[in-house]
Amino acid sequence: MKKRRIVVKVGSNVLTQSDGKLDVTRMSAIVDQIVALKRNGYEVILVSSGSITSGQNDLKIDRRLGSVAQRQLYSAVGQVKLISLYNELFREYGIPVGQILTMKESFSTREEYLNQRSCMTVMLENGVMPIVNENDTVSVTELMFTDNDELSGLIASMMGAETLVILSNVDGIYNGDPNSPNTRVIPMVNYDRDLSEYIQDTKSDFGRGGMITKARIARYVAEEGIKVILANGKTPHILTDLATKPQQTMHTEFRPNPNPTTTVKKWIAHSESFAKGRAFINKKASEVLKGDKATSLLLVGVTSIEGDFEEGDIIDVVDDKGKTIAVGRSGYSAEEARKNIGVHDIRPLIHYDYLYME
């Protein structure tokens, strides 16, 4: 029987107590539920926050440190404690764990992307529990993930997961003010529905992202054909209840796109922030790309090239109105592309297999 693959993201506010200490009891309960899922035919990848808050609680710093230095120090110390606790908890069930610390830059090239996928695949095939977190000791630039919600979405897409479960300290997305007695959690929405009118722009005490980020990531991942569930990680038995009695369990589910993009295009879509150049196109080329038929971007429709990129790099496609409408893998270097602007009957700048429309 084919196993059902899911990614479970657990936020800092689920794993920590009000004083910032790791909540070992809740961690144990989450591990118990993951093991129950594994025994019932699920493959589980855990994306876990909590390292920085754990390290911050354990260290008493006498002198003032800059924000970058604090992040590096707390995460370096806290990650050891976090993974050690997970190791002890899973070891009670005879399940070995493997730690994967990654960065946003590690998704920027196809080779690194596939290397990460291969690593997690071999872990799953050999009964090892993958536990993923951002490498906060070195991810301190603008190329950091928004938070682990974004990371979990990338992992779910990369690993071809059936479902992404994002656990935070709220029950889901409400249709109004959560404090109002008449407000209810929206149980199910389509992948393309905009829920921003219902979401308050607030963040948790310990996490970097808020519900707006979670909803945006959920829509993005659901558009790629993956079911996304937002639920409260502090609710007892939440993971097993979502698996066995979802209709009776409070959460918000984003229905997946029934016609998702290919895995290559998923990688390209997630690589947009690593674009090394831009191709500006004319009105006619823009209309063709926006049409119903899958079409390559030809150099005859390009008006100018910006940036310094090599063949195989990711570039943005900008229409005649200055709007980025697509992202894709270039078939030329920037220098070659500039020389061939407007030329007919040569290979495309971006083949449609490697072109993702926004």
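**Exercise 1. The aromatic pair of helix α4**

Both Y86 and F90 belong to helix α4 (residues 67–91), where 4 residues, about one turn of the helix, separate them. The model is a predicted one. Determine how the rings of Y86 and F90 are arranged, and state whether each residue is buried or exposed.

*Solution.*

Step 1. A pair of aromatic rings is described by the distance of the centres and the angle of the planes. The count of aromatic pairs comes to 1. For Y86 and F90, the ring centres are 6.4 Å apart and the planes stand at 35°, so the pair is tilted.

Step 2. Buried means under 20% relative accessible area. Y86 has a relative accessibility of 1% and therefore counts as buried. F90, with a relative accessible area of 0%, is buried.

**Exercise 2. The crossing of α3 and α4**

Find how helix α3 (residues 51–58) is oriented relative to α4, and identify the residues that make the contact.

*Solution.*

Step 1. Two packed helices are described by the angle between their axes and the distance between the axes. The axes of α3 and α4 come within 6 Å, crossing at roughly 100°.

Step 2. Angles of 65 to 115 degrees count as roughly perpendicular. The crossing therefore makes α3 roughly perpendicular to α4.

Step 3. From α3, the contact is made by S51, I52, S54, G55, Q56 and D58; from α4, by R71, Y74, S75, V77, G78, Q79, K81 and L82. Sorted by class, the residues of this contact are 4 nonpolar, 7 polar and 3 charged.

Step 4. In α3, the buried residues are S51, T53, S54, G55 and N57. The buried residues of α3 pack against α4 and also against β4 (129–134).

**Exercise 3. The crossing of α5 and α6**

Describe the packing of helix α5 (residues 110–125) with helix α6 (residues 148–158), and establish how many residues of α6 are buried.

*Solution.*

Step 1. The axes of α5 and α6 come within 10 Å and cross at roughly 80°. This angle makes α5 roughly perpendicular to α6.

Step 2. On the side of α5, Y113, Q116, R117 and M120 make the contact, and on the side of α6, I155, S157 and M158. The contact of α5 with α6 comprises 4 nonpolar, 2 polar and 1 charged residues.

Step 3. Of the 11 residues of α6, 11 are buried, and the helix is mostly covered. Among them are D149, E150, L151 and I155.

Step 4. Just after α6 comes G160, whose phi is positive, at about 60°.

**Exercise 4. From Q33 to D241**

Which helices hold Q33 and D241, and how far apart are these two residues in sequence and in space?

*Solution.*

Step 1. Q33 is found in helix α2 (residues 24–39). D241 is found in helix α8 (residues 238–244).

Step 2. In sequence, Q33 and D241 are 208 residues apart; in space, their C-alpha atoms are 9.4 Å apart.

Step 3. Q33 has a relative accessible area of 8% and is therefore buried. D241 is likewise buried, with a relative accessible area of 18%.

Step 4. If residues up to four places away in sequence are not counted, Q33 touches H237, I238, L239 and T240. With its neighbours within four places left aside, D241 is in contact with P236, P246 and T249.

**Exercise 5. Positive phi values outside glycine**

Locate H237 and D345, give the phi of H237 and of D345, and decide whether H237 and D345 are buried or exposed.

*Solution.*

Step 1. Most residues other than glycine have a negative phi, and most peptide bonds are trans. H237 is not a glycine, although its phi is positive, at about 60°. D345, also a residue other than glycine, has a positive phi near 55°.

Step 2. H237 lies in the loop between β7 (227–232) and α8. D345 lies in the loop between α11 (334–339) and β13 (355–357).

Step 3. Exposed means over 50% relative accessible area. H237 is therefore exposed, at 51%. D345 counts as exposed at 81% relative accessibility.

**Exercise 6. Charges over rings**

Over which ring does the charged end of R329 sit, and over the face of which residue does R347 lie?

*Solution.*

Step 1. The charged end of R329 is placed over the ring of Y354, 5.8 Å from the ring's centre.

Step 2. R347 lies over the face of Y332, at 3.9 Å from the ring centre.

Notes. Residues are numbered from 1 along each chain as its sequence is written. This is a predicted model: local features need pLDDT of at least 70, side-chain atom pairs count only at pLDDT 80 or more; totals for chains, interfaces and linings use all residues. Side-chain values use heavy atoms; hydrogens and water are left out. Helices (H or I, at least four residues) and strands (E, at least two) are DSSP runs, numbered from the N terminus. Buried means under 20% relative accessible area, exposed over 50%, partly exposed in between (1.4 Å probe, protein chains only). Contact means heavy atoms within 4.5 Å. Rings of Phe, Tyr and Trp (its six-membered ring) pair if their centres lie within 6.5 Å; planes under 30 degrees apart count as stacked, over 60 as edge-to-face and the rest as tilted. A charge sits over a ring if NZ of Lys or CZ of Arg is within 6 Å of the ring centre and within 35 degrees of the ring normal. Axes are lines fitted to C-alpha atoms, for helices over the stretch in contact, and angles run from 0 to 180 degrees between N-to-C directions. Angles under 35 degrees count as roughly parallel, over 145 as roughly antiparallel, 65 to 115 as roughly perpendicular and the rest as oblique. Ala, Val, Leu, Ile, Met, Phe, Trp, Tyr, Cys and Pro count as nonpolar, Asp, Glu, Lys and Arg as charged, and the others, Gly among them, as polar.
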